[in-house]
Amino acid sequence: MGIGIFIGLLVFFLGIIIGLPLCWVFLASSVTSLTLSNSSLSFMAGTYYHALDSYILMAIAFFILAGSLMSSAGLAEKLVLLAHVIVGNVKGGMIAVGIVATLFLGALTGSSVPCISALIPLLVGPLEKYGYERRYTTAVLCSSSFLGYLIPPSVPVLIYCLIAHQSVAAVFLSTIIPGLLLAGGYMILNYFIVDKYMHPTKEKIHDLTREEKVKAVWGALPALGCPVVVLVGIYGGICTPNEAGALAVVYTLFIGLWVYRKLDRKNIWLETRSALISLGMVFVLIAFGTVFARVLTREGVAQLMATSVIGLFQNKLLILLMINVLLLVLGMFIDGIPILIVVVPLILPLITDINMNLVHLGAVIVVNIGIGVITPPYAISIFVGSRLSGVSYDQLVKPMLLFLFAVALPVLFLTTYLPALSCWLPTLILGSKVVGSW
Amino acid sequence: MGAYNEFIEVKKNMKYINIFIKKMLKIIDIVENIICATGLWLTSILIFCSIINRYFLHFPIMWFDDLALYCFIFFMLITSSLTTRERGHTSIDIFRQKIFEGKPRADNIYSIFLNIVSIVIVAIFLPVTWKFMLRAIKYPEYGTLVRWFNTSWLMSTLFITMILILIHLFTLLVKDIDKLKKVNIKYGGGKK
């Protein structure tokens with residue numbers, strides 16, 4: 001490793017610490033490394049441009065737009081009612097309703113922030129009247145907010161596939177079982193601890209009548225049609241992931257305009273604008289991140305890391321543990337997408353050397369990235385949850401840590417050390433030729 | 001008296017220049033919004049039409065997907081400047097929040113510093129994109145990755161995008177300086 005790349009990495013960490021936008025951090029580090037190692041900068045523009053020349057990026061754009069439209073289409077209320085029908089009757093059922101609603105809404109929006117932004121105003125206040133502590137409801141919703149990353153379609157999965165050149169259909173399927181395990185684990189834990197956070201009140205939740213249940217299911221069907229269209233499209237071999245994304249956009253627009261009638265011209269513009277801002281952020285990060293990753297690869301940093309880690313640990317289990325610790329620590333300070341862009345190209349040679357399946361790696365990384373959303377100090381879910389519910393950051397962290405240590409980390413552990421958990425479903429549906437050996 | 005008149009004239013001209021710059025910036029904002037929103041929706045519709053053509057009309061049009069990709073890359077390049085304008089680029093500001101909590105003036109000065117650093121970084125990258133654009137114009141056959149269309153125009157757009165990003169970064173810098181002046185007035189010359 002030359003002095004150029006060493007100083008480039010120093011610039012990278014310094015840029016992150018001083019709070020410079022990450023895209024400029026990538027650019028500054030690449031320029032520094034190349035200039036100091038007397039290399040030409042000319043390949044940077046070409047790499048930036050070609051990083052954007054991709055059909056998978058189109059899928060990311062469509063799913064982000066569909067997710068934005070979904071959040072304005074008034075689906076949250078319908079999905080909460082549907083979740084009430086499914087799990088409303090068990091002990092602590094209304095909190096379980098929140099978890100199931102997060103699962104549904106997360107699958108539709110593919111992101112954590114729109115999910116809790118829609119559910120916290122809808123559930124936290126009303127549930128307080130029935131005796132559920134405000135901080136507990138918020139903590140559960142924030143903890144389960146990243147389920148959207150695991151239930152397809154998911155934006156981090158698409159970015160992983162773009163970087164690691166993996167089948168989108170396979171990695172989409174690989175995160176479903178860990179996602180369901182997380183949701184199940186949260187509900188079980190909630191069942192045992194909910195009493196501690198409940199106070200008896202006069203108000204009682206009324207059981208839904210049969211008519212209300214039918215109405216709730218009927219009302220949620222059009223919304224649930226969106227993931228069905230996407231998944232049937234992709235796994236039925238009808239369309240590619242980016243075409244499925246376009247279908248999702250048109251479908252969401254249709255139900256928002258003519259079924260739920262919540263979308264109007266103003267809403268559409270606001271959501272398009274919000275999607276564009278997110279897209280600009282993601283694409284510039286991907287483009288400059290690719291430039292930076294190329295510089296690191298050219299300078300042999302990825303290979304150096306692979307050989308030194310293998311030399312240090314010489315054991316696949318320990319290497320996997322180390323990758324998890326690295327991703328968790330990074331997740332405590334950095335957003336998921338930059339982690340994907342920087343870490344995946346760096347660890348790919350290492351993963352190839354230890355013969356790990358790349359679909360399995362995708363599941364491990366996406367679960368890690370998801371957990372990063374809820375691990376303090378930098379946890380976007382806690383920031384948003386705290387602002388929306390009026391519960392302080394400190395009050396939220398304690399119950400959230402319980403869910404993190406009792407459910408999220410064990411599921412991550414299982415996903416890492418039981419490849420079947422992530423590879424069985426894709427192999428069953430797509431065959432071992434697509435997924436490879438695990 | 002003559003000097004005074006000259007001063008008034010210069011001040012008047014400055015006012016006109018200021019109004020002109022503001023109008024130009026507004027036009028840039030509107031054009032960016034239109035290009036990006038139209039591009040995103042057009043791409044979605046083109047891909048949707050491609051599916052309809054294939055399955056319902058049984059008449060797949062080969063260049064539809066390529067046209068969609070062409071529009072997509074074009075609007076995506078412009079979107080990066082829109083995101084800069086809206087301060088939408090992600091950064092790790094946890095340390096900044098801790099250090100400057102409750103110190104609006106210091107935070108503002110720091111924001112100006114970050115803007116200047118960003119401008120310097122983008123300015124360094126600008127000549128690289130300029131050369132890339134010149135090469136794309138000189139050898140249009142180089143830009144044939146999207147088969148049906150000449151992508152050398154898209155490569156030129158990269159340079160234009162960087163110019164737009166620089167313009168937005170300068171505008172943000174001026175806004176931050178303005179904000180600093182207001183904070184100074186509020187706290188009496190910067191003293192709390």
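## Exercises on chain B and its contact with chain A

From the N terminus on, chain B runs α-α-α-α-α, where helices (H or I, at least four residues) and strands (E, at least two) are DSSP runs numbered from the N terminus. The model is predicted: local features need pLDDT of at least 70, side-chain atom pairs count only at pLDDT 80 or more, and totals for chains, interfaces and linings use all residues. Residues are numbered from 1 along each chain as its sequence is written, chains are lettered from A in the order in which they are written, and side-chain values use heavy atoms, with hydrogens and water left out.

### Exercise 1. The form of chain B

Task: state how many helices and strands chain B has, and determine how its radius of gyration relates to the globule rule.

Solution.
1. Chain B has five helices and zero strands.
2. Its radius of gyration is 23 Å, well over the 16 Å that the globule rule gives for 192 residues, so chain B is more spread out than a compact globule. The radius is taken over C-alpha atoms, and the rule is 2.2 Å times the number of residues to the power 0.38.
3. Along the principal axes, the C-alpha atoms of chain B fill a box of roughly 75 × 50 × 30 Å.
4. Of the 192 residues in chain B, 42% are buried (under 20% relative accessible area; exposed is over 50%, partly exposed in between; 1.4 Å probe, protein chains only).

### Exercise 2. The interface

Task: find how many residues each chain brings to the contact and which three residues of chain B supply the most buried area.

Solution.
1. The contact (heavy atoms within 4.5 Å) takes 57 residues from chain B and 59 residues from chain A.
2. The two chains bury about 5100 Å² between them, 78% of it on carbon and sulfur atoms. Buried area is the accessible area (1.4 Å probe) that two parts lose on being put together, summed over both.
3. Trp41(B), Thr90(B) and Ile92(B) supply 15% of the area that chain B buries against chain A, more than any other three residues.

### Exercise 3. Two residues of chain B

Task: place Ile92(B) and Thr43(B), and decide whether each is buried or exposed.

Solution.
1. Ile92(B) lies in the loop between α2 (62-85) and α3 (94-100) of chain B.
2. Ile92(B) counts as buried because its relative accessibility is 1%.
3. Beyond residues up to four places away in sequence, Ile92(B) touches Ile16(A), Gly19(A), Leu22(A), Phe333(A), Ile334(A) and Asp335(A).
4. Thr43(B) belongs to helix α1 (residues 2-55) of chain B and is buried, with a relative accessible area of 0%.
5. With neighbours within four places in sequence left aside, Thr43(B) is in contact with Met58(A) and Phe62(A), and also with Ala68(B), Cys71(B), Phe72(B) and Phe75(B).

### Exercise 4. Backbone features of chain A

Task: identify where the cis peptide bond is and where Asn38(A) and Asn355(A) lie.

Solution.
1. Most residues other than glycine have a negative phi, and most peptide bonds are trans.
2. The bond from Pro152(A) to Pro153(A) is cis, with omega near 0°; Pro153(A) is in the loop between α9 (147-150) and α10 (155-164) of chain A.
3. Asn38(A), not a glycine, has a positive phi of about 55°. Asn38(A) lies in the loop between α2 (22-36) and α3 (43-52) of chain A and is exposed, with a relative accessible area of 73%.
4. Asn355(A), not a glycine, has a positive phi of about 55°. Asn355(A) lies in the loop between α18 (336-353) and α19 (358-372) of chain A and is exposed at 65% relative accessible area.
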